[in-house]
Amino acid sequence: MAGMMEKLAFLLVCAAALMEGFMAKPLPYDYSASVECLAEPLDPHYGGGVIVNPDFNAGLQGWSSFGYGRVAEGASVATGNRYAAAVNRTRPYHSVSQKVYLQNDTHYTLSAWFQVSDGSAAAVRAVVKTADDFVHVGGVVAKPGCWSMLKGGLTADKAGRAELYFESNATVDIWVDSVSLKPFSKEEWAAHRTESTRATRSKTVRLQATDSAGNPLQGAEVSVENVRTSFPLGAAMSGEILHNAAYQQWFTSRFTVTTFENEMKWYSTEPAPGREDYTVADAMLALAKQHGIGVRGHNVFWDDPKQQPRWVQSLPYTELLAAASHRIRSFVSRYAGQLIAWDVVNENLHFSFFERQFGWDASTAFYAAARLLDAGSSLMFMNDFNTLEQPGDMAAVPGRYVDRLKQIIASYPENGAGMAIGLEGHFTTPNIPYMRAALDSMSTVGIPVWLTEVDVAGGPMQAQHLEEVLREAYAHPAVQGVILWSAWHAQGCYVMCLTDNNFKNLPQGDVVDRLLAEWRTAAQTGTTDAQGYFQAEVAHGEYKVTVSHPSLNTSLSQSVTVELGSGNHFFIQA
């Protein structure tokens, strides 16, 4: 018996070790999403995760009604696909629901598919009810006749019972299918991020050193030195930089891109009708050019009525049309070919000053005009807030953003070529799983995505939250640049400062410096093999490669640019 118990104990230890080995490699994160309305929903992610009967193939097993609503089974006439329907709804919360148990300090990714029974499209919000809160975890615009995907998430800060349900202010029947709620530990989440960062932002390159006849140089000494990292990480700049040498030195030694906080806005460049003054903006642009810093044009128009120049707000139609026409011609023509991007109409998901004056297609006309005035390589951005920050803001959920973008592209030159997605990123407490899910959805459009105005609310966790946001953005394959909304002012920053008034880093500045150093490949040295090869893993960017060998009269240097999609084999020839 003792021998049997020892064997059993041994088997249990082996099994535990085996399970630990399996758990060391987390289940891959599913980056797939859809912003299209499909004839049938796709299968639930992760087999539904912790959701019981996620595809309703077992009828309503595991599901119940929420808020005394009525729930029925439904099935597709064409395919027989089964789903749940919240019917005869008279309250926003009348819905189908499922009770779950949330684990402490755990990230959850959510996905589900929705359709409404008839009528017009309806906004549907996913909510998790906990013991002491109602947590918004995502939203989608559901349409009749096809299925739309909601992708979202939340972080559980303590363990306990919860209930997932869906709500809508519209009283139409809501159909639900392919629901998934998948937990990931924060260690697993970080492992996904590390894996994606490596695949998205770096590459293993092979450098072959040869003599003038093309013969490999064995035993050559090779050094690889980073000149410039290609990922654009920048910060907003205030006009105070023009008269502050310490501000200039701190800023220009770190950042490769910038947005002027206010100095290009209409109320700054034309404070009174016909009295244009681009002096400050011109000087700031000259400073940026001097240091090789790319500048985003922010902004041509702002759709918020409160952000118009005072003299513009009450103009009658004819005079407003003339003023707006002059504004776009004057501003865009002045800086055409000098900027990397334009925020053409700022925040036109939440506001509609120009649409109310000129009609629903006002933004479309402005984008088309801007492209005609600057036909170069500058990106034309939609720029708005809360698509990443607030899953409860139904005006800015990914589906709303994409629908608005499609309206603009429909009348835009070259079918939207040169358009880009600007996601501001003004965070309170970041919902990291929702942020990733929203980026997944926005990535399906297939155009550049930038985080354009990133800041995090103050408090003891500000620096940590900033680091989480920046790491998540950098790791996501869709993101092509980040701007921090941290322009320095002696009297204080908008929400988030990176330094004190002596330009000594605050904790947030330390985060930025640490990440800049981490994302920049350190100098590497080594010796070529018998075929003249030296191999190195480097972040995308520009590098100076230097080769020295006894057969060479002098060392030789060559510039090498490593990019996503480019080759990984480079020849360094004497």
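**Exercise 1.** Which residues does S202 touch, not counting residues up to four places away in sequence?

*Solution.* The structure is a predicted model, and the first step is to place the residue, which is found in strand β11, a run covering residues 202-210. Leaving out residues up to four places away in sequence, S202 touches T197, E537, V538, A539 and H540. The next step is to look at the side chains, where that of S202 makes a polar contact with the side chain of E537, at 3.4 Å.

**Exercise 2.** Decide whether S202 counts as buried or exposed.

*Solution.* The relative accessibility of S202 is 17%, and buried means under 20%. S202 therefore counts as buried.

**Exercise 3.** Describe the largest pocket and its lining.

*Solution.* Begin with the volume of the largest pocket, which is about 900 Å³. Its lining consists of 36 residues, and T155, A156, D157, T429 and P430 are the closest to the centre. Among the elements that give two or more residues to this lining are β8 (148-156) and α2 (186-201), while α11 gives the most, with five residues. Finally, sort the lining by character, which yields 12 nonpolar, 12 polar and 12 charged residues.

**Exercise 4.** Describe the second largest pocket in the same steps.

*Solution.* The second largest pocket holds about 610 Å³ of space. Of the 28 residues that line it, S230, F231, P232, Q480 and E563 lie nearest its centre. The elements that give two or more residues to this lining include α2, β12 (221-229) and β25 (556-562). Sorting the lining of the second largest pocket gives 15 nonpolar, nine polar and four charged residues.

Conventions. Residues are numbered from 1 along each chain as its sequence is written. This is a predicted model: local features need pLDDT of at least 70, side-chain atom pairs count only at pLDDT 80 or more; totals for chains, interfaces and linings use all residues. Side-chain values use heavy atoms; hydrogens and water are left out. Helices (H or I, at least four residues) and strands (E, at least two) are DSSP runs, numbered from the N terminus. Buried means under 20% relative accessible area, exposed over 50%, partly exposed in between (1.4 Å probe, protein chains only). A polar contact is a pair of N or O atoms within 3.5 Å; within protein, one must be able to donate a hydrogen and the other to accept it, and residues adjacent in sequence count only if both atoms are side-chain atoms. Contact means heavy atoms within 4.5 Å. On a 1 Å grid over the protein atoms alone, a cavity is a set of points where a 1.4 Å probe fits but cannot get out, and a pocket is an open set with protein on both sides within 12 Å along at least five of seven lines; lining residues have an atom within 4 Å of a point. Grid points are joined across faces, edges and corners, and a volume is the space filled by probe spheres set on the points. Ala, Val, Leu, Ile, Met, Phe, Trp, Tyr, Cys and Pro count as nonpolar, Asp, Glu, Lys and Arg as charged, and the others, Gly among them, as polar.
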